[in-house]
Amino acid sequence: MWHDTAVLFGRYVRQTLRSPFQIFFGALMPLLYLFLFGPLLTELPLGREGDSWQILVPGLLLQLGLFGASFAGFAVIMEKNWGVLERLRVTPVSRLALLLGRTLRDTVLFLFQAVLLVLAALLMGLRAPLAGVLIGFGFVALLTFALASLSYALALNLRSPQEFGPAINTLAMPSMLLSGLMLPMALAPGWLDTLSRFMPFRYLVDAVRDAYVGQYATATMLYGVLAAVALTVVATVVGARTFRKANG
């Protein structure tokens, strides 16, 4: 399985490297928020410890993983329509490797984009401890791996991009709004803050914000780690079963 995963990972990495547009375009929306929205927050009280950049940048990092990985399934729909999956089905390649090769490529791609985003944020005024920045990258990696797995699983059960796009938007937009990616949910009214606690992404972004102000041994960090690991495990199981069923 690991050999098959490495082969497929290499294949998808080579595909990505042949498309520089794909490498950099995914970071465009968070960068626009950083440059055009970030300066609006610099003088505002945001309801938690840390300056505006230490609050905004963690949200943008997870926004990058949320939207980028959620739409990864478009590639599977195209491969399915082109007959690529049919050809893979008759090979002895591990069915789990079909998932892992893709999701690992996605994880590396979005980590690279996350590094670009943090470098740009440093130019804008972000100051955060190195350990906190690295922890943030770890959360981006877990979120990307989990959501890419679920995206591929959903794509295998749909027939066209016209079905996939609206389905992802329906799920991704409420997730972004209820997770406090742009602004902390501490600013929200009580009912909205309570509703957001049922959204696992909230715990990830709160944990990264703690890390960006140098707070590591907190209950918020623990909840974030547990939510990220649980989401990754569940998503991997769902994705693996879907790939085995579709390519069995």
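Visitor: Before we start, what does buried mean here?
Guide: This is a predicted model, so keep in mind that everything we discuss comes from that. A residue is called exposed over 50% relative accessible area and partly exposed in between. For buried, the cut-off is under 20% relative accessible area.

Visitor: Okay, is Asp106 buried or exposed?
Guide: Buried means under 20% relative accessible area. Asp106 has a relative accessibility of 4%, so it counts as buried.

Visitor: Which residue forms a salt bridge with Asp106?
Guide: Side chains of opposite charge can pair when their charged atoms come close. For Asp106, the closest N and O atoms of the bridge are 2.9 Å apart. The partner is buried, with a relative accessible area of 8%. That partner is Arg105.

Visitor: How many salt bridges are there?
Guide: The rule asks for a side-chain nitrogen of Lys or Arg within 4 Å of a carboxyl oxygen of Asp or Glu. The pair Asp106 and Arg105 fits, at 2.9 Å. By this rule the count comes to 4.

Visitor: Which residues are linked in a network of salt bridges?
Guide: Start from Asp193, whose side chain meets Arg197 at 3.1 Å, N to O. Asp193 also meets Arg202, at 2.6 Å, N to O. The full network is Asp193, Arg197, Arg202 and Asp206.

Visitor: Is Arg197 in that network buried or partly exposed?
Guide: Take its neighbours in the network for context: Asp193 is buried, with a relative accessible area of 15%, and Arg202 counts as buried at 8% relative accessibility. Arg197 is at 41% relative accessibility, so this residue counts as partly exposed.

Visitor: On to the surface: which helix gives the most to the nonpolar patch?
Guide: The patch covers about 640 Å² and is made by Phe21, Phe25, Leu28, Leu32, Phe35 and Leu36. Helix 2 (20-25) and helix 3 (28-37) each supply at least two of its residues. With 4 residues, the top contributor is helix 3.

Visitor: What is the relative accessibility of Leu28?
Guide: Leu28 sits in helix 3 and belongs to the nonpolar patch. Patch residues need over 30% relative accessible area. Leu28 counts as partly exposed because its relative accessibility is 38%.

Visitor: Now the pockets. What is the volume of the largest pocket?
Guide: Rolling a probe the size of a water molecule over the atoms shows where empty space is left. For the largest pocket, the volume is about 770 Å³.

Visitor: And which helix gives the largest share of its lining?
Guide: Of the 29 lining residues, the closest to the pocket's centre are Gln22, Gly68, Phe71, Ala72 and Phe110. Several helices supply at least two residues each, among them helix 1 (2-17), helix 4 (52-70) and helix 7 (95-124). The largest share, 6 residues, comes from helix 7.

Visitor: How many charged residues are in the lining of the largest pocket?
Guide: Asp, Glu, Lys and Arg count as charged. The lining has 17 nonpolar and 8 polar residues, and the charged ones come to 4.

Visitor: By class, what is in the lining of the second largest pocket?
Guide: About 230 Å³ of space lies in this pocket. Its lining includes Leu66, Ser70, Leu147, Ile168 and Phe201. Helix 4, helix 8 (130-156) and helix 9 (161-179) each give two or more residues. By class, the lining has 8 nonpolar, 3 polar and no charged residues.

Key:
Residues are numbered from 1 along each chain as its sequence is written. This is a predicted model: local features need pLDDT of at least 70, side-chain atom pairs count only at pLDDT 80 or more; totals for chains, interfaces and linings use all residues. Side-chain values use heavy atoms; hydrogens and water are left out. Patches are made of residues with over 30% relative accessible area and no salt bridge: like charges are joined within 9 Å, nonpolar side chains (Val, Leu, Ile, Met, Phe, Trp, Tyr) within 5 Å. Accessible areas come from the Shrake-Rupley method with a 1.4 Å probe; for residues, only the protein chains shown count as cover. Buried means under 20% relative accessible area, exposed over 50%, partly exposed in between (1.4 Å probe, protein chains only). On a 1 Å grid over the protein atoms alone, a cavity is a set of points where a 1.4 Å probe fits but cannot get out, and a pocket is an open set with protein on both sides within 12 Å along at least five of seven lines; lining residues have an atom within 4 Å of a point. Grid points are joined across faces, edges and corners, and a volume is the space filled by probe spheres set on the points.
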